[in-house]
Amino acid sequence: MDCVDILKKKDFKDDGVNKISYLKTDQITEDTYYFKDGQVLDYHRHPEGDQIFFINDGEGEFYLDNGKEEKVPVRTGMTLLAPKNVWHKLVCTSKSGLVASQVTKQPAGMEKR
């Protein structure tokens with residue numbers, strides 16, 4: 001059984017959001033992002049699949065833009081959906097950092113804005 005305690009493995013980087021892929025199959029992948037205050041996972045989208053985010057620790061802002069930008073404040077315990085082909089980004093607003101995981105269908109493709 002694959003099992004990872006992502007909060008025990010906190011790995012923040014000064015030069016940008018750190019992304020670690022802990023679990024991956026041919027059909028789905030799980031990635032965890034470790035943000036320092038002010039760091040941003042900038043706008044991108046996945047043309048071939050939905051993405052689900054889990055806020056594991058900290059606070060931030062989640063943005064969706066499907067022709068009109070929406071902003072949602074996020075905190076520990078929240079779950080968010082980035083629908084297929086919709087631009088989204090995540091920003092850390094917490095002095096203690098933000099830990100967020102995502103699960104994505106594979107292959108989902110990825111385009112940066």
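Where is proline 107 found? Proline 107 sits in the loop between S8 and strand S9, the latter covering residues 111–112, and I start there since the peptide bond leading into proline 107 from glutamine 106 is cis, with an omega near -10 degrees. Please keep in mind throughout that what we are looking at is a predicted model, and that the values I quote are computed from it.

A second backbone detail belongs beside that one. Asparagine 85, although it is not a glycine, has a positive phi of about 70 degrees, and asparagine 85 is found in the loop between strand S6, residues 79–82, and S7. With a relative accessible area of 35%, asparagine 85 is partly exposed.

Let me move from that loop into strand S7, which runs over residues 87–92 and holds histidine 88. Is histidine 88 buried or exposed? Its relative accessibility is 1%, and therefore histidine 88 counts as buried. The side chain of histidine 88 is joined to the side chain of glutamine 51 by a polar contact of 2.8 Å. If we leave aside the neighbours within four places in sequence, histidine 88 is in contact with a list of residues that includes Asp42, Tyr43, His44, Arg45 and His46, and also Phe53, Phe62 and Ala82.

Strand S7 also contains leucine 90, and leucine 90, at 0% relative accessibility, counts as buried. Setting aside again the neighbours within four places in sequence, the contacts of leucine 90 include Phe35, Val40, Leu41, Ile55, Val74, Leu98 and Ala100, together with Gln39 and Glu61. As a distance for anyone checking the fold, the C-alpha atoms of leucine 90 and tyrosine 33 are separated by 10.0 Å, while these two residues are 57 residues apart along the chain.

I come back now to glutamine 51, by way of another strand. Which residue in strand S8 should we look at here? I choose threonine 104, which lies in that strand and which is buried, with a relative accessible area of 3%. Its side chain and that of glutamine 51 are joined by a polar contact of 2.8 Å, so that, taken with what I said about histidine 88, glutamine 51 has a side-chain polar contact with histidine 88 as well as with threonine 104, by the 3.5 Å cut-off applied to such N or O pairs. Not counting residues up to four places away in sequence, threonine 104 touches Gln27, Ile28, Thr29, Asp50 and Gln51.

Strand S2 gives us glutamate 30, whose C-alpha atom is separated by 6.7 Å from that of threonine 104, although the two are 74 residues apart along the chain. Glutamate 30 is a charged residue and yet is buried, with a relative accessible area of 13%, where the cut-off for that word is under 20%. What does its side chain do in the model? The side chain of glutamate 30 makes a polar contact with the side chain of threonine 32, at 2.5 Å. Beyond its neighbours within four places in sequence, glutamate 30 is in contact with Ile20, Ser21, Tyr22 and Leu23, and with Ser101, Gln102 and Val103.

Also in strand S2 is tyrosine 34, which brings me to the aromatic residues. How many aromatic pairs does a search of the whole structure find? The search finds three, and one of them is formed by phenylalanine 12 and tyrosine 34, edge-to-face, with 6.0 Å from centre to centre and 85 degrees between the planes. This pair links distant parts of the chain, since phenylalanine 12 is in the segment before strand S1 and tyrosine 34 is in strand S2, 22 residues apart. The two partners can be described separately: phenylalanine 12 is partly exposed, with a relative accessible area of 28%, whereas tyrosine 34, at 0% relative accessibility, counts as buried.

Finally, the largest pocket, in which about 290 Å³ of space lies. Its lining is made up of 18 residues, with Lys19, Tyr33, His44, His46 and Met110 lying nearest its centre. The elements that give two or more residues to this lining are strands S2, S3 and S8, and S3 supplies the largest share, five residues. By class, the lining has six nonpolar, eight polar and four charged residues. His44 and His46, which are among the residues nearest the centre of the pocket, are also among the contacts of histidine 88.

Terms used
Residues are numbered from 1 along each chain as its sequence is written. This is a predicted model: local features need pLDDT of at least 70, side-chain atom pairs count only at pLDDT 80 or more; totals for chains, interfaces and linings use all residues. Side-chain values use heavy atoms; hydrogens and water are left out. Helices (H or I, at least four residues) and strands (E, at least two) are DSSP runs, numbered from the N terminus. Buried means under 20% relative accessible area, exposed over 50%, partly exposed in between (1.4 Å probe, protein chains only). A polar contact is a pair of N or O atoms within 3.5 Å; within protein, one must be able to donate a hydrogen and the other to accept it, and residues adjacent in sequence count only if both atoms are side-chain atoms. Contact means heavy atoms within 4.5 Å. On a 1 Å grid over the protein atoms alone, a cavity is a set of points where a 1.4 Å probe fits but cannot get out, and a pocket is an open set with protein on both sides within 12 Å along at least five of seven lines; lining residues have an atom within 4 Å of a point. Grid points are joined across faces, edges and corners, and a volume is the space filled by probe spheres set on the points. Rings of Phe, Tyr and Trp (its six-membered ring) pair if their centres lie within 6.5 Å; planes under 30 degrees apart count as stacked, over 60 as edge-to-face and the rest as tilted.
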